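Biologist: Please take a close look at a single position in this chain and describe its surroundings. After that, set it against the rest of the fold.

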Amino acid sequence: MTVLVLGATGRTGRLVVAGLKARGVRVRAVSRSAPLPFDWDDPGTWGPVADGVTAAYLVTPEDPGFRAGRVGSFLDRADGIRRIVLLSGLSAGYGSVPMASREVPVRRPGLDWTILRPGAFQQNFVTPPESGELRLPLGPRPRTAPIDVADIADVAVRVLTTDGHAGRTYDLSGPRALSYAELLEIASRRGGRPAVYVDEPVEAWLARMTARGVSEQALNWSLETFEAIRRGVYARLHDGVHQVLGRRPRDFADLGARHQGATVRCRRTAR
């Protein structure tokens, strides 16, 4: 068994690579900058990375303009792959077209597919913003149940190396919902820099992001996520980690020093 890991230098990919190697699984770790490169925008790189592999961990760009048809085209070329784990996001479950469309191509006959749908990453909140304020249009008291990327990777590794997960979609969250104020308070205690959440009017946020050159397409995708956060979608708890691993997911308050250097994402806060 050789497992192809796309995005092998990313937050989940590098942990999936480590987890598979720790289990003695042969891994082909690829990214745009790898010796054997992979680029979703360059179909010429697809065939070489897929040659001889039987399973794959697929990560697609966090870009609303990504064409989901590329996933299907890649799988057409990678006809030796029999087991797929696709990293999707909770937004696919409430109808986000950019994310949900990427799931469609993997649900094909003859393929042992599993889809992982995490929400916000705990690592997005590790380091308080230097300005001391996290300004987002999420309402007065937004809540989310963020998940540690290490839990996502552990789930992916288990699914890739054991049977019984074919045709399953696992929604993944942390063990409890926290307000953004609570998340920043915990991060501030750890990082030694105070920070607060500010409910910014949508118009003001749009003006700031537009001034930074963020595309209209990306802004609309973020606004879709923000609206779901305001509805409480990301505050719901999911048992995907327990279903696969038989344990409770890691708590944000216990996030260790190994994640130092992560930064708060101010455009989008969930998948």
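Modeller: T162 is partly exposed, because its relative accessible area is 26%, and buried would require a value under 20%. This comes from a predicted model. T162 sits in the loop that links α5 to β8. Two polar neighbours can be named for its side chain. A polar atom of the T162 side chain is 2.5 Å from the backbone oxygen of R158. The T162 side chain also forms a polar contact, at 3.2 Å, with the side chain of H165. Farther along the chain, V196 is 34 residues from T162, and 43 Å separates the C-alpha atoms of the two.

Both elements that flank this loop take part in the largest nonpolar core, which has 28 residues, with V16, Y57 and L116 making the most contacts inside it. The elements that supply two or more residues to this core include α5 (149-161) and β8 (168-172), together with β1 (2-5), α1 (13-22), β3 (55-59), β4 (83-87) and α9 (240-245). With 8 residues, α5 gives the most. Leaving aside residues up to four places away in sequence, V16 touches V5, Y57, A153, A156, V157 and L160. A second core, separate from this one, has 26 residues, among them L184, Y197, M209 and A228.

As for confidence, the average pLDDT of the chain is 92, and 94% of the residues score at least 70. Residues 257-267 have a pLDDT below 50, and in the model this stretch makes 31 contacts beyond near neighbours in sequence.

How values were computed. Residues numbered from 1 in each chain as written. Predicted model: local features only at pLDDT ≥ 70, side-chain atom pairs only at ≥ 80, totals over all residues. Heavy atoms only, no water. Core = buried A, V, L, I, M, F, W, Y, C linked by side-chain atoms within 4.5 Å. Buried < 20%, exposed > 50% of the residue type's maximum accessible area, 1.4 Å probe, protein only. Helix = DSSP H or I, 4+ residues; strand = E, 2+ residues; numbered from the N terminus. Contact = heavy atoms within 4.5 Å. pLDDT = per-residue confidence, 0-100. Polar contact = N/O pair within 3.5 Å; in protein donor to acceptor, adjacent residues only side chain to side chain.
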